[in-house]
Amino acid sequence: MPRALITGITGQDGMYLSELLLGKGYEVYGLVRGQNNPKAATLAEELPDVKQLTGDLTDLSSLLRALSTASPDEVYNLGAISYVAYSWQNAHLTTEVTAQGVLNALEAVRLHCGDDLSQVRFYQASSSEMFGRVQEVPQRETTLLWPRSPYGVAKVFGHYMTINYRESYGMHASSGILFNHESPRRGPEFVTRKVTQAVARIALGQQDRITLGNLEARRDWGFAGDYVEAMWRMLQQDEADDYVVATGEAHSIRELLDVAFAHVGVDDWSDKVVQDPAFFRPAEVDELVGDPAKAKERLGWTPTVGFADLVRMMVDSDLEQQRQLLP
Ligand code: NAP
Ligand code: F7E
């Protein structure tokens, strides 16, 4: 039975990846941080077969302990402070977790393996935010990186450190440059879920309006369930490498609003959306769109859920959740 250790197991991708690996017969261990983390209970309820281990990416010894207990064949480093807007307010913390945390994870694997680094394959959750002020359209593995936020800068550090461990020690360390991916499990601070949750509440008469920032930004949005499949496929390759994972299509926040509101029968949402400068970013990433050709060719990976279906899936899920909260 193959064994996997996942950091960031309580996040959106950690849950989908756990489901995927458990379905393939893996023994799955997940690093859960903090004292009495409330997400541990949700994880235990939804995925009782996952074995939870206590640890934190900023604490090297906790990573070594987790590796020693899990003795994994594959390590997926998904843990991060992942909310871009928050990263300006907490740049040091973001750097400690999202940048240095990657070094800690790589170093822990190297120390754990000793002379035989071939025991463990490593996946790093890199991000399209690294492209920031884009130097090429669409973005591919070779596009120059120009991050625009402390989060993006931290991800660039983790990305290059992963490549460095591959080149320095021959570690099977791959980096997935994933574009935005969403699902009903997406945190409500991210714009897709913020919109689908609000649209559900507006449709049920629980709220009147939604307050947003920049409606012109464009993102390449895919379904998280598809994207964790690409992560796994990367670690099944003979050689470690870097891959862009994206749909190849970009849509604006306005289009997101169009699809989400239309799904509950609202064609004109102009009186339901308010813009607030508080949600604008100090440096915006205007448009991201990826070229997933390499992932398609080498991993045989293609996305299965398109933009409009993804948004409708999220609205439906939020409608169901909000109905359960009604008195
Ligand atoms: P997410 O839902 O925000 O989950 C982040 C996870 O990291 C959570 O489990 C969180 O734990 C954990 N974490 C935070 N600080 C930690 C620490 N100090 N030590 C250990 N774990 C810590 O993110 P996601 O959407 O699943 O994304 C997974 C990874 O892919 C992240 O690295 C993200 O930056 C990256 N990524 C995401 C996207 C996307 O569109 N979703 C795209 C590209 C890259 P708690 O639950 O306890 O907070
Ligand atoms: O913002 C605009 C905002 O926070 C998308 C993370 O998973 O994907 C994610 O980062 C866009 C931006 O995601 C609001 O200005 C407008 O242009 O949903 P988001 P993100 O910043 O693209 C990348 C690939 C990651 O790696 C990250 O971890 O939407 N926007 N109004 C808003 N965004 C938010 N959150 N809230 C608003 O009210």
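**A walk from helix H8 to the ligand and the loops**

Helix H8, which runs over residues 224-235, has twelve residues that at 1.5 Å a residue should span 16 Å, and its end C-alpha atoms are 17 Å apart, which agrees with that expectation. The model shown here is a predicted one, and this comparison concerns its helix H8. Ten of the twelve residues of H8 are buried, so this helix is largely enclosed by the rest of the structure; a residue counts as buried when its relative accessible area is under 20%. Among the buried residues of H8 are Tyr227, Val228, Met231 and Trp232, and the charged residues Asp226 and Glu229 are buried as well.

From this helix we can turn to ligand 1, which is surrounded by 26 residues, the closest being Thr10, Arg33, Asn37, Ser82 and Tyr151. By class, this shell is made up of nine nonpolar, eleven polar and six charged residues. Helix H1 (12-23), strand S5 (121-127) and helix H6 (150-169) each supply at least two residues of the shell, and the largest share, three residues, comes from S5.

The backbone of the protein also comes close to oxygen atoms of the ligand, as three distances show. A backbone N or O atom of Gly11 lies 3.0 Å from an oxygen atom of ligand 1, a polar backbone atom of Asp13 is 2.8 Å from an oxygen atom of the ligand, and for a polar backbone atom of Leu78 the corresponding distance is 2.9 Å. Of the 900 Å² of accessible area that ligand 1 has on its own, the protein covers 91%.

The loops hold some details of backbone geometry that deserve a careful look. Most residues other than glycine have a negative phi, and most peptide bonds are trans. Asn36, in the loop between strand S2 (27-32) and helix H2 (38-46), has a positive phi of about 55° although it is not a glycine. With a relative accessibility of 73%, Asn36 counts as exposed, because the cut-off for that class is over 50%.

Ser71 is likewise not a glycine and has a positive phi, of about 45°, and this residue is found in the loop between helix H3 (60-70) and strand S4 (74-77). Its relative accessible area is 39%, so Ser71 is classed as partly exposed. Finally, a cis peptide bond, with omega of about -5°, joins Val137 and Pro138, and Pro138 lies in the loop between S5 and H6, two elements that each supply at least two residues of the shell around ligand 1.

How values were computed
Residues are numbered from 1 along each chain as its sequence is written. Chains are lettered from A and ligands numbered from 1 in the order in which they are written. This is a predicted model: local features need pLDDT of at least 70, side-chain atom pairs count only at pLDDT 80 or more; totals for chains, interfaces and linings use all residues. Side-chain values use heavy atoms; hydrogens and water are left out. A residue is near a molecule or strand if one of its heavy atoms lies within 4 Å of it. A polar contact is a pair of N or O atoms within 3.5 Å; within protein, one must be able to donate a hydrogen and the other to accept it, and residues adjacent in sequence count only if both atoms are side-chain atoms. Accessible areas come from the Shrake-Rupley method with a 1.4 Å probe; for residues, only the protein chains shown count as cover. Helices (H or I, at least four residues) and strands (E, at least two) are DSSP runs, numbered from the N terminus. The expected span of a helix is 1.5 Å times one less than its number of residues. Buried means under 20% relative accessible area, exposed over 50%, partly exposed in between (1.4 Å probe, protein chains only).
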